Amino acid sequence: MSPDLIPLDYATLRVLWWLILGVLLIGFGVLGGADLGVGALLPFVAKHDAERRVAINAIGPTWEGNQVWFVLGGGAVFAAWPQVYAAAFSVFYSVMLVLLLALILRPVGFEYRNKLRNATWRAVWDGGLLIGGGVPAFLFGVAVGNLLQGVPFRLDDTMRLTYEGSILGLLNPFALLCGLVSLSMLVMHGAMFLVMKTNGPVRERARTAVRWSSCVLIMLFGFGGVCVLFWIKGYVITGAIDPGGPSDPLAKTVTRSLGAWYTIYAEHGWLLAAPGMGFGGAIFGFILATFRRGLVGIWFTGASVAGVIATAGISMFPFILPSRAHPQSSLTVWDASSSPLTLFMMLAAVIVLMPAVLIYTGWVIRLMRGKVDEKYVRENADALY
């Protein structure tokens, strides 16, 4: 296809793919995030084997499908912003290795836990599910915290990347704060899922977990916003940049300044709806958990997850991977994307396939609706996790 036949300009295609990436990450946060939250909560909401099987089988029918959103998000970065993909894997290599090892424990834990009727055997795999839920939930936030500060890398004239940091540098105080925001957010959402999906003691402990984690999220999310305003320098493109121009990260000039991540909200006040969803969803989640309204509450905790994720993305726009060591090397929506033809062909595929993914996901959730309790687990002991 000739580039002249593409009906959308380059800048529009770039923004559309930034939005698609946001949708995929929010989709994983809302759907897969509930699974991670349940894993992180497992030893706290379930005190013996029967209760743990209740919690595990609450997410059992859907956890594999929900991971597709994470894979799609990674694929979107690879195809739409190959420079970002390459740089991120270089910069976050050690963190991604730990993340991958933790995620590997999840399917193994699900599949092997019920192979033997042995308490020690099952306790080991329960520990794997705890690590596979809590560690990724925390590390996702650590990664975002580093993005908001900028990552110490630079590009030379041949676009070769040099990383100037270390794994300990990635575990800085603000990044750890963001990790706790992410963990509390997904624990809240996972606990609300258990309120909706289970009965008995597991549900009651999950209600308590929603209330505690929502309070923690509100406080940490608010404190994080204060840190970003007064202590964390954001990034601003100061020179001319053509949103429809060729991808060349070194062709722009960038400066760092306090409060820069708030600029977009001053220019477009309606975008404050994103942090408003983050706070409001958590507040209503607390209230609805108190009254055992899990079916309604899951929508509000999901909105909170979406709002927190959207807040980070909107605040950084158009930056995707800022560079603290050499701000000019920062990768943005405007200068790190694939070609117009690549973006358009992938957009056509998304238009065709995304509705199918959404319809299938909705069908599975509807098909697997209903409560899980100890009686159900006993009656189907050999067919469940």
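A cavity, as I use the word in this notebook, is a set of grid points where a 1.4 Å probe fits but cannot get out.

**Entry 1: the cavity.** I note at the start that I am working with a predicted model. I looked for enclosed spaces and found that the count comes to one cavity of 30 Å³ or more, and the volume of the largest cavity is about 60 Å³. I then listed the residues that line the largest cavity, and these are Asp35, Val38, Gly39, Leu42, Ile56, Ile59, Arg106, Phe110 and Leu129. Sorted by class, this lining has six nonpolar residues, one polar residue and two charged residues. I also asked myself which helices each supply at least two residues of the lining. They are α1 (10-45), α2 (49-59) and α6 (93-112), and α1 gives the most, with four residues.

**Entry 2: the nonpolar core.** I turned next to the largest nonpolar core, which holds 102 residues, and I noted that Trp17, Trp81, Phe92, Phe174, Leu194, Leu321 and Leu331 are the ones that touch the most other members. Helix α1 gives the most to this core, with 16 residues. For background I wrote down that in soluble globular proteins nonpolar side chains tend to be buried together. I followed up phenylalanine 92 and, leaving aside its neighbours within four places in sequence, found it in contact with Ala143, Asn146, Leu147, Val151, Leu170 and Leu321.

**Entry 3: serine 182.** I found serine 182 in helix α9 (residues 173-197). Is serine 182 buried or exposed? Its relative accessible area is 8%, and because buried means under 20%, I recorded serine 182 as buried. Leaving aside its neighbours within four places in sequence, serine 182 is in contact with Ala137, Phe140 and Gly141. I also looked up how serine 182 lies relative to valine 308, and although the two are 126 residues apart along the chain, their C-alpha atoms are separated by 8.7 Å.

**Entry 4: serine 315.** My last entry concerns serine 315, which is found in helix α13 (residues 294-316). Serine 315 has a relative accessibility of 10%, so I counted this residue as buried too, under the 20% limit. A polar atom of the serine 315 side chain lies 2.7 Å from the backbone oxygen of threonine 311. When its neighbours within four places in sequence are left aside, serine 315 is in contact with Trp261, Ile264 and Tyr265.

Key:
Residues are numbered from 1 along each chain as its sequence is written. This is a predicted model: local features need pLDDT of at least 70, side-chain atom pairs count only at pLDDT 80 or more; totals for chains, interfaces and linings use all residues. Side-chain values use heavy atoms; hydrogens and water are left out. On a 1 Å grid over the protein atoms alone, a cavity is a set of points where a 1.4 Å probe fits but cannot get out, and a pocket is an open set with protein on both sides within 12 Å along at least five of seven lines; lining residues have an atom within 4 Å of a point. Grid points are joined across faces, edges and corners, and a volume is the space filled by probe spheres set on the points. Ala, Val, Leu, Ile, Met, Phe, Trp, Tyr, Cys and Pro count as nonpolar, Asp, Glu, Lys and Arg as charged, and the others, Gly among them, as polar. Buried means under 20% relative accessible area, exposed over 50%, partly exposed in between (1.4 Å probe, protein chains only). A polar contact is a pair of N or O atoms within 3.5 Å; within protein, one must be able to donate a hydrogen and the other to accept it, and residues adjacent in sequence count only if both atoms are side-chain atoms. Contact means heavy atoms within 4.5 Å. A nonpolar core is a set of buried Ala, Val, Leu, Ile, Met, Phe, Trp, Tyr and Cys residues joined through side-chain atoms within 4.5 Å.
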